[in-house]
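Please open the model in the viewer and display the backbone as a cartoon. The stops below proceed from one selection to the next.

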Amino acid sequence: MGKRGRDRSPNVTIFNQDPEFFEIFLPNRISHQLRIPPDFIKHLDQKIPEKIVLKDVSGRVWHVDVNREKTGVFLKNGWNRFVKEKSLQLGQFMVFRYKRRSSSFTVRLFGKNACMDEDQDSRKPLINSVKDEQESDLESTPMPKTKTKYCRKSPNFA
């Protein structure tokens, strides 16, 4: 009987090929813009798009401007709307997976309890634009939200 893992083909890919980075939401630091980690920029194939799309796991979409500055590359106009509509709170953990073909990020949110926390409000539009963000600043009517928490329990833990 061989040792565990020996029979595995050397060409088997265990991890998804799409690059990812994470960020912890700190309102006083990233509520108006998000800096893309400098080491992550290499995954943009040296071509930094002017706009990028953020998608959540329920299929909602936000269009966000990308600005290159002396201090880094930032998600700016449109980011604030994403923060507001996702009701991000201090300490939430965000994982950004970059899709090269579509110049988009799929964003997964995790609560302080380490479980995936996804906004399931289906009354919101599926596509939001940067122009909409400027118009919505004039009218902000809070909408009730329902949240669903995804956390798998291991049979080994009570």
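Select Lys55 and Val61: in this predicted model, Lys55 stands opposite Val61 of strand E4. Now extend the selection to residues 51-56, which form strand E3, and to residues 61-69, which form E4. The two strands pair in the antiparallel sense, and five bridges join them. Between E3 and E4 lie four residues, and the pair forms a hairpin. Within that turn, select Gly59, whose phi is positive at about 100°.

Keep E3 on display and add strand E7, residues 104-110. Which way does E7 run with respect to E3, parallel or antiparallel? The two run parallel and are joined by four bridges. To locate this pairing, select Val53, whose bridge partner in E7 is Ser104.

From E7, move to strand E6, residues 93-99. E6 and E7 pair in the antiparallel sense over seven bridges. A suitable pair to highlight is Arg97 and Thr106, as Arg97 stands opposite Thr106 in E7. This is again a hairpin, with four residues between E6 and E7. In its turn, select Ser103, which has a positive phi of about 45°.

The other partner to select for E6 is strand E1, residues 20-24. E1 and E6 are antiparallel, with five bridges between them. Here Glu23 stands opposite Met94 in E6.

Next, clear the selection and view the whole chain. The protein chain contains three helices and ten strands, and their order along the sequence is β-α-β-β-β-β-α-β-β-β-β-α-β. Among contacts with a separation of 6 or more, 61% involve residues 24 or more positions apart. Of the 158 residues, 35% count as buried. With a surface representation switched on, the accessible surface amounts to about 11000 Å², and carbon and sulfur atoms account for 52% of this area.

Finally, colour the chain by pLDDT. The average is 76, and 63% of the residues score at least 70. Select residues 120-148, where pLDDT is below 50; this stretch nevertheless has 55 contacts in the model beyond near neighbours in sequence. Then select residues 153-158: pLDDT stays under 50 there as well, and the model has zero contacts for these residues beyond four places in sequence. Where pLDDT is low, the predicted coordinates should not be read in detail.

Terms used:
Residues are numbered from 1 along each chain as its sequence is written. This is a predicted model: local features need pLDDT of at least 70, side-chain atom pairs count only at pLDDT 80 or more; totals for chains, interfaces and linings use all residues. Side-chain values use heavy atoms; hydrogens and water are left out. Buried means under 20% relative accessible area, exposed over 50%, partly exposed in between (1.4 Å probe, protein chains only). Contact means heavy atoms within 4.5 Å. Accessible areas come from the Shrake-Rupley method with a 1.4 Å probe; for residues, only the protein chains shown count as cover. pLDDT is the predictor's confidence in each residue, from 0 to 100. Two strands pair if DSSP finds at least two bridges between them.
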